[in-house]
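Please work through the following exercises with the coordinates open. Each task is followed by a solution that proceeds step by step.

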Amino acid sequence: MKTVKLFDKDSFLSEFEAVVLSSEKSDEFYKIILDKTCFFPEAGGQVSDIGRLGDGGVFDVQIENDEIVHYCKSGFTAGEKVSGKIDFKRRFSLMQNHSGEHIVSGIIHKKFGFDNVGFHLNEELVTFDFNGLFSKEQLAEIEYLANKAIWENRDITAFYPAKEQLKTVNYRSKKEIDGDLRLVKIDGVDICACCAPHVKSTGQVGLIKFLATEKMRGGTRIYMKCGEYALKEFVAEHRNAADISNALSVKKEEIFQGVLSLKEALDKEKQNTALLKKRLISLLAEQIREDVRFVEDLSMPQLQKLCDLLYKKDGKTHTVFSENENGGYSLVISGIPDEVDSIFEKAKKSLEIKGGGRNGMISCLVTASKEDILKEFSN
Ligand SMILES: [Zn+2]
């Protein structure tokens, strides 16, 4: 690789001057290689830095043929000097997330012997997988220990150990790596092979919060936020909890119980309503004499039940309909099979009506006004 990685030595350097080694037009953008760069390319599950080169926006950085390639909106001339600036707010979040990932993976490895077997990391969220399962209590303990490591503000350093030194260092991610191996050490917590920029001490991670976990191929996937994004998550959830507490008129600590009580009351009400609807359908069946009738607030199955009762009562064909939640109407034609079919066939010619059925009952959805439906089926 021709490019000197400035992010390797100083992860907090955000501006730099470089010489353009090559600038190649490709579609709507340019692929730029520099003699040195602060831009960390997409690597090992972490998205790249973005920022500016000269006046042009850098929207992606990739390693291609062992070179760091900047995808830039502007082109340059080989040999030209150019100033670069990364979006450091985003970089800092990426570093918080990456160092947070090492803290958690290190704790899990030490305590449970499980390995981090894959991860994806962007500015806002870390998603990582472990080859083992955890109980709720164990996850809570890991999260606590990770935050404790933050409060202890332990040093984070990156170094290239000599071959001899490597034999004596116990580190994670022991893959065969070509070239020099870079280790990232979090004092007392973890040592791991890694090429990415990190914050300088665990305190700079700020906060670690697990959002969710799920079982994946016999292991566990953890969704985690760090730093500012973890705080934003807390603020949003805190506001939600306060709003629910106000809406339910219960103390914030008791909102879960409040929601359960509300759900229980709602279930009871639903049972009551179902019972009342059943009675209403029986009463309607006794009352209705017309061929066509609009009824309020009945679902399709309830309309079908009403039709059953009407046919049992007088053996005639009836059409009943009710407004549905989509603003249209649910409609059931039921009674003598031949009559039902001919009423439906006639209605299809003048109304927007979809439906089907057999044995003397057709259930339909109609898009038309109540008046037009009454007019059509009264004829
Ligand atoms: Zn790493």
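The exercises below concern a predicted model.

**Exercise 1. Domains**

Determine which domains the assignment gives for the chain, and how far apart the C-alpha centres of domain 1 and domain 3 lie.

Solution.
Step 1. The domain assignment divides the chain into domain 1 (4-86), domain 2 (92-239) and domain 3 (281-378).
Step 2. Between the C-alpha centres of domain 1 and domain 3 there is a distance of 69 Å.

**Exercise 2. The zinc site**

Identify the atoms that coordinate the zinc ion, and establish which parts of the chain are tied together by histidine 98 and cysteine 194.

Solution.
Step 1. The donor atoms are NE2 of His98, NE2 of His102 and SG of Cys194, at 2.1 to 2.3 Å from the zinc ion.
Step 2. Written as a sequence pattern, the donor residues follow the spacing H-x3-H-x91-C.
Step 3. Histidine 98 belongs to helix 2 (residues 88-112), whereas cysteine 194 sits in the loop between strand 13 (190-193) and strand 14 (208-216); the pair therefore ties together parts that are 96 residues apart in sequence.
Step 4. Histidine 98 and cysteine 194 are both buried. For histidine 98 the relative accessibility is 4%, and the cut-off for buried is under 20%, so this residue counts as buried.
Step 5. When residues up to four places away in sequence are not counted, histidine 98 touches Gln46, Phe119, Leu121, Cys194, Ala196, Pro197 and His198. The zinc donor Cys194 is thus listed among the contacts of histidine 98.

**Exercise 3. Two serines**

Decide whether serine 48 and serine 93 are buried or exposed, and list their contacts beyond the neighbours within four places in sequence.

Solution.
Step 1. Serine 48 is located in the loop between strand 4 (36-37) and strand 5 (51-53). Its relative accessibility of 3% classes serine 48 as buried.
Step 2. Outside its sequence neighbours within four places, serine 48 makes contact with Phe40, Pro41, Glu42, Asp60, Val61, Arg90 and Leu94.
Step 3. Phenylalanine 12 is 36 residues from serine 48 along the chain, and the two C-alpha atoms are separated by 15 Å.
Step 4. Serine 93 is part of helix 2. At 2% relative accessibility, serine 93 is likewise classed as buried.
Step 5. With neighbours within four places again left aside, the contacts of serine 93 are Glu123 and Tyr229.

**Exercise 4. Salt bridges**

State how many salt bridges a search of the whole structure finds, then analyse the pairs lysine 111 with glutamate 141, glutamate 143 with lysine 209, and lysine 348 with glutamate 345.

Solution.
Step 1. The search yields 21 salt bridges.
Step 2. Between lysine 111 and glutamate 141, the closest N and O atoms are 3.1 Å apart. This pair links distant parts of the chain, as lysine 111 is in helix 2 and glutamate 141 in helix 3 (residues 136-151), 30 residues apart.
Step 3. Lysine 111 is partly exposed at 42% relative accessibility, and glutamate 141 is partly exposed at 33%.
Step 4. Glutamate 143 and lysine 209 form a salt bridge with an N to O distance of 3.0 Å. Glutamate 143 lies in helix 3 and lysine 209 in strand 14, so parts that are 66 residues apart in sequence are tied together.
Step 5. Glutamate 143, at 16% relative accessibility, counts as buried, whereas lysine 209, at 36%, counts as partly exposed.
Step 6. For lysine 348 and glutamate 345 the closest N and O atoms are 3.4 Å apart. The two residues are separated by about one helical turn because they are three residues apart in helix 8 (residues 337-350).
Step 7. Lysine 348 has a relative accessible area of 39% and is partly exposed; glutamate 345, at 41%, is also partly exposed.
Step 8. Elsewhere, salt bridges with shared partners connect Lys89, Glu228 and Lys232 into one network.

**Exercise 5. A nonpolar surface patch**

Find which residues make the nonpolar surface patch, and place valine 235 in the secondary structure.

Solution.
Step 1. Leu207, Leu231, Phe234 and Val235 make a nonpolar surface patch of about 350 Å².
Step 2. Valine 235 is in helix 5 (residues 227-248).
Step 3. The relative accessible area of valine 235 is 38%, so valine 235 is partly exposed. Membership of a patch requires over 30%, and valine 235 at 38% meets that cut-off.

Conventions. Residues are numbered from 1 along each chain as its sequence is written. This is a predicted model: local features need pLDDT of at least 70, side-chain atom pairs count only at pLDDT 80 or more; totals for chains, interfaces and linings use all residues. Side-chain values use heavy atoms; hydrogens and water are left out. Patches are made of residues with over 30% relative accessible area and no salt bridge: like charges are joined within 9 Å, nonpolar side chains (Val, Leu, Ile, Met, Phe, Trp, Tyr) within 5 Å. Accessible areas come from the Shrake-Rupley method with a 1.4 Å probe; for residues, only the protein chains shown count as cover. A salt bridge is a side-chain nitrogen of Lys or Arg within 4 Å of a carboxyl oxygen of Asp or Glu. Helices (H or I, at least four residues) and strands (E, at least two) are DSSP runs, numbered from the N terminus. Buried means under 20% relative accessible area, exposed over 50%, partly exposed in between (1.4 Å probe, protein chains only). Donors are N, O and S atoms within 2.8 Å of the metal (3.2 Å for Na, K and Ca); water is not among the atoms, so sites may look incomplete. Domain bounds come from an automatic or database domain assignment. Contact means heavy atoms within 4.5 Å.
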